[in-house]
Amino acid sequence: MADPATSAAGAGGLPQFDLAQWPGQIVWALVVFLVLYLLFAFVFVPRVSGAIERREDKISGDVGDARRLRDEAQAQADAAAREMDEARARAHRVAAEARAAAKAESDARQADEDVKVAARLAEAERRIGVARGEAMSHVRAIAAEAAEAMVERLTGAGPTGPELERALGEAQA
């Protein structure tokens, strides 16, 4: 007699197509389906869902942190800009005060120098007036000497005192 393994193989058909083996195959397919369904329903899907939820929570938290940090950075940038504006305003104020102080000091020095120059100018005008008065007192004597020398040279004889006085009087008038 023939071996059942060889007879099935010798029958030339595949066991999946043998209708006599279908009920066992259907039972095993249902068992495997049920096991896989239970594994997916209670193990794999919850793990994947948990991982997805954790990832979404992490992303949401990171986005929230990023927004918070962005808002803090913006607040710090605004504060820094305000501080810079205040510093510029203080610097302009200090510069204006320094310019005003320097101008006041310069004006005070200028006023002192103007007083000194005015005093020197007044002294110089006084000395010029004295020198002019002295020079004018000598002009008549110099003119008389010059006229006497010219007349003597031109005529060969010197003029007399009354003639010289009369000519000088006419020239002065």
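**Group meeting: a helical protein and its salt bridges**

I would like to begin with one pair of residues, Lys-103 and Asp-107, which both sit in helix α2, four residues apart, or about one turn of the helix. Their side chains meet in a salt bridge, with 3.3 Å from N to O. Before I go further, please keep in mind that what you see above is a predicted model, and that the values I quote are computed from it.

Let me stay with that pair for a moment and ask how open each partner is. Lys-103 is exposed, with a relative accessible area of 52%, while Asp-107, at 41%, is partly exposed. The cut-off matters for reading these two values, because exposed here means over 50% relative accessible area.

Now let me step back to the whole chain. The protein has three helices and zero strands, and from the N terminus the order of its elements is α-α-α. Helix α2 covers residues 22-155, and the pairs I discuss today lie in that helix, as I will say for each one in turn.

What is the radius of gyration of the protein, and what would a compact globule of 173 residues have? The protein has 65 Å, whereas a compact globule of that length would have a value near 16 Å. The C-alpha trace gives a second view of this, since along its principal axes the protein spans about 195 × 35 × 25 Å. Burial can be read alongside those dimensions: buried residues make up 3% of the 173 residues. The accessible surface comes to about 14,800 Å², and carbon and sulfur atoms account for 64% of that surface.

Turning to charge, the protein carries 22 positive and 28 negative side chains, and the centres of these two sets lie 2 Å apart. Side chains of opposite charge can pair when their charged atoms come close. How many salt bridges does the model contain? The count comes to nine, and beyond the pair I opened with I will show you two of them.

One is formed by Arg-109 and Glu-105, whose side chains meet at 2.2 Å, N to O. These two residues also lie in helix α2, four residues apart, about one turn of the helix. Arg-109 is exposed at a relative accessible area of 53%, and Glu-105, at 43%, counts as partly exposed.

Another joins Asp-65 and Arg-68, with 3.9 Å from N to O. Here the spacing is three residues within helix α2, so the two partners are separated by about one helical turn. Both are partly exposed: Asp-65 has a relative accessible area of 37%, and Arg-68 has 41%. This pair also belongs to a network of salt bridges that links Asp-65, Arg-68 and Glu-72.

Finally, I want to point to a part of the surface that is nonpolar. A patch of about 900 Å² is made by Val-27, Trp-28, Val-31, Val-32, Val-35, Leu-36, Leu-39, Phe-40, Phe-44 and Val-45. Taking Val-32 as one of these residues, we find it in helix α2, where its relative accessible area of 45% makes it partly exposed.

To gather this up, the predicted model shows a protein of three helices and zero strands, with a radius of gyration of 65 Å, nine salt bridges and a nonpolar surface patch of about 900 Å².

Methods. Residues numbered from 1 in each chain as written. Predicted model: local features only at pLDDT ≥ 70, side-chain atom pairs only at ≥ 80, totals over all residues. Heavy atoms only, no water. Rg over C-alpha atoms; globule rule 2.2 N^0.38 Å. Buried < 20%, exposed > 50% of the residue type's maximum accessible area, 1.4 Å probe, protein only. Areas by Shrake-Rupley, 256 points an atom, 1.4 Å probe, with all protein chains shown as cover. Lys, Arg positive; Asp, Glu negative; His and termini not counted. Charge placed at Lys NZ, Arg CZ, Asp CG, Glu CD. Patch = residues over 30% accessible without salt bridge, like charges linked within 9 Å, V, L, I, M, F, W, Y side chains within 5 Å. Salt bridge = Lys/Arg side-chain N within 4 Å of Asp/Glu carboxyl O.
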